Amino acid sequence: MIDKIIKVLKKIKHSILKKILPKESEKSKVLLAQHVAINKRSLKSIYDFGDVEFSCFSQYGEDGIIDWLVSKLPMIPKKFVEFGVEDYYESNTRLLLQLRNWQGLIMDGSNDFIKDIKAQDISWRHHVEAICAHITKENINSVLEQNGMKGDIGLLSIDIDGNDYHVWQSIDVINPAIVVIEYNAVFGDLHSVTIPYRPDFFRTKAHFSNLYFGASLQALILLGKEKGYTFVGTNTIGANAFFIRDDLAPKITSLLDSISAYPSIFREARSHTGKLLLLGGLKRSEIIKNSPLIDLKNKKNTSLYSLGEIYSSSWRNGKKNIL
């Protein structure tokens with residue numbers, strides 16, 4: 001119910017913005033982003049992704065990180081796949097369309113959002129296909145193939161607030177150079193855990209707090225290794241992890257002074273009634289300590305409570321880890 005209300009409010013907000021703000025406002029945002037991007041691209045080496053972060057359409061600085069990575073990998077295909085885009089105004093690939101003329105496939109489970117995207121100028125100004133699909137590990141490959149995505153692509157972005165680990169594990173028809181995937185920092189940084197797979201998983205229904213979803217960073221790093229990807233860092237807000245295909249990874253790791261993994265600092269926990277609790281740190285994991293998880297290394301069912309200590313001293317104190 002809460003998610004439905006949020007989606008309705010988002011639609012109302014964007015409807016109002018479209019009427020109030022001129023179409024030139026998006027062009028102005030892109031022009032400003034281009035100026036920032038050119039400066040960031042000129043950096044021959046960086047300490048970590050905090051040096052290149054900026055947001056134009058992305059939520060937490062991913063635009064800058066992606067642009068910098070792409071600038072260092074100029075030969076990769078200019079094609080992307082992103083799912084979990086809602087109305088696409090906040091996304092990881094919209095700037096790729098407008099700054100670099102990439103083409104891509106975007107997906108969301110809401111038909112209303114897809115209709116909204118198709119009505120936007122970006123749908124005819126650029127080559128982006130928007131489709132409505134509820135993504136599962138069973139259908140992801142057929143959905144990709146049916147929509148012309150097969151073989152090498154430049155970037156895959158996964159943010160579905162649930163089965164992210166299981167869906168990435170299942171993908172085998174595309175071979176992205178870059179993978180951006182959301183991790184759940186509330187699960188800590190010491191264990192490789194994910195939620196059990198359920199094709200009908202819905203974040204708010206799974207737990208009232210909205211904190212029970214996805215996989216830990218260590219789980220995604222472990223999966224990345226299995227799939228042939230090198231972890232190269234996270235954004236500084238502690239939301240998205242970045243991976244480079246092993247054959248291309250040295251071109252990036254040679255430019256990084258450190259590979260940094262950041263804890264999350266946002267406070268999105270909700271009460272049973274949907275009230276924002278503004279909880280931070282260990283108080284967040286306490287709420288979901290008994291929720292079922294899979295321990296991927298030991299191949300058994302577990303929970304945060306059963307795991308005991310889940311945070312390194314760095315993450316416990318709100319500081320990044322150097323991996």
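A residue counts as buried when its relative accessible area is under 20%. With a relative accessible area of 4%, Ala185 is therefore buried. This model is predicted, so please read everything below as a description of a computed structure.

## Around Ala185 and the largest cavity

Let's stay with Ala185 for a moment. Ala185 sits in the loop that runs between strand 5 (174-182) and strand 6 (193-194). Leaving aside residues up to four places away in sequence, Ala185 touches Gly238, Pro263, Ser264, Tyr311 and Trp315. Gly238 is 53 residues from Ala185 along the chain, yet the C-alpha atoms of the two are separated by 6.7 Å.

Ala185 also belongs to the lining of the largest cavity, together with Glu182, Tyr183, Asn184, Val186, Phe213, Gly238, Ser264, Phe266 and Glu268. Two of the contacts of Ala185, Gly238 and Ser264, thus appear in that lining as well. The volume of the largest cavity is about 60 Å³. By class, its lining holds 5 nonpolar, 3 polar and 2 charged residues.

## The second largest cavity

How many cavities of 30 Å³ or more are there? The count is 2. The second largest one has a volume of about 40 Å³, and its lining is made up of Asp63, Ile66, Asp67, Asn92, Leu95, Leu96, Leu99 and Arg100. Sorted by class, these are 4 nonpolar, 1 polar and 3 charged residues.

Which helices each supply at least two residues of this lining? They are helix 3 (62-72) and helix 4 (94-100). Helix 4 gives the most, with 4 residues.

## Salt bridges

Two of the residues that line the second largest cavity, Asp67 and Arg100, also form a salt bridge with each other, the closest N and O atoms being 3.1 Å apart. Because Asp67 lies in helix 3 and Arg100 in helix 4, this pair ties together parts that are 33 residues apart in sequence. Asp67 is buried, with a relative accessible area of 4%.

The structure holds 11 salt bridges, and three of them are set out here.

| Salt bridge | N to O distance |
|---|---|
| Asp67 and Arg100 | 3.1 Å |
| Asp161 and Arg203 | 3.4 Å |
| Arg198 and Asp200 | 3.1 Å |

Asp161 and Arg203 meet through their side chains in a salt bridge. Asp161 is in the loop between strand 4 (151-158) and helix 8 (164-170), while Arg203 is in helix 9 (residues 203-206), so this pair ties together parts that are 42 residues apart in sequence. Their surroundings can be described one by one: Asp161 counts as partly exposed at 26% relative accessibility, whereas Arg203 counts as buried at 11%.

The side chains of Arg198 and Asp200 form a salt bridge too. Here Arg198 is partly exposed at 46% relative accessibility, and Asp200 is partly exposed with a relative accessible area of 49%. Elsewhere, salt bridges that share partners join Arg41, Asp67 and Arg100 into one network.

## Helices 5 and 10

Where do the buried residues of helix 5 lie, seen down the axis of the helix? Helix 5 covers residues 111-119, and Phe113, Ile114, Asp116 and Ile117 are buried in it. Viewed along the axis, these buried residues fall within an arc of 155°, so they line one face of helix 5. Lys115, Lys118 and Ala119 are exposed and are carried on the face turned away from the buried side. A general point about helix geometry helps here: an α-helix has 3.6 residues a turn, so residues three or four places apart point the same way.

Helix 10 (residues 217-227) has Leu217, Ala219, Leu220, Ile221, Leu223 and Gly224 as its buried residues. Just after helix 10 comes Gly228, which takes a positive phi of about 90°.

## Thr302 in strand 11

Our last stop is Thr302, in strand 11 (residues 300-302). Is Thr302 buried or exposed? At 12% relative accessibility, Thr302 counts as buried. Its contacts, not counting residues up to four places away in sequence, are Val193, Ser291, Pro292, Leu293, Ile294, Asp295 and Leu307.

Definitions and conventions
Residues are numbered from 1 along each chain as its sequence is written. This is a predicted model: local features need pLDDT of at least 70, side-chain atom pairs count only at pLDDT 80 or more; totals for chains, interfaces and linings use all residues. Side-chain values use heavy atoms; hydrogens and water are left out. On a 1 Å grid over the protein atoms alone, a cavity is a set of points where a 1.4 Å probe fits but cannot get out, and a pocket is an open set with protein on both sides within 12 Å along at least five of seven lines; lining residues have an atom within 4 Å of a point. Grid points are joined across faces, edges and corners, and a volume is the space filled by probe spheres set on the points. Ala, Val, Leu, Ile, Met, Phe, Trp, Tyr, Cys and Pro count as nonpolar, Asp, Glu, Lys and Arg as charged, and the others, Gly among them, as polar. Buried means under 20% relative accessible area, exposed over 50%, partly exposed in between (1.4 Å probe, protein chains only). The arc is that of the directions from the helix axis to the C-beta atoms. A salt bridge is a side-chain nitrogen of Lys or Arg within 4 Å of a carboxyl oxygen of Asp or Glu. Contact means heavy atoms within 4.5 Å.
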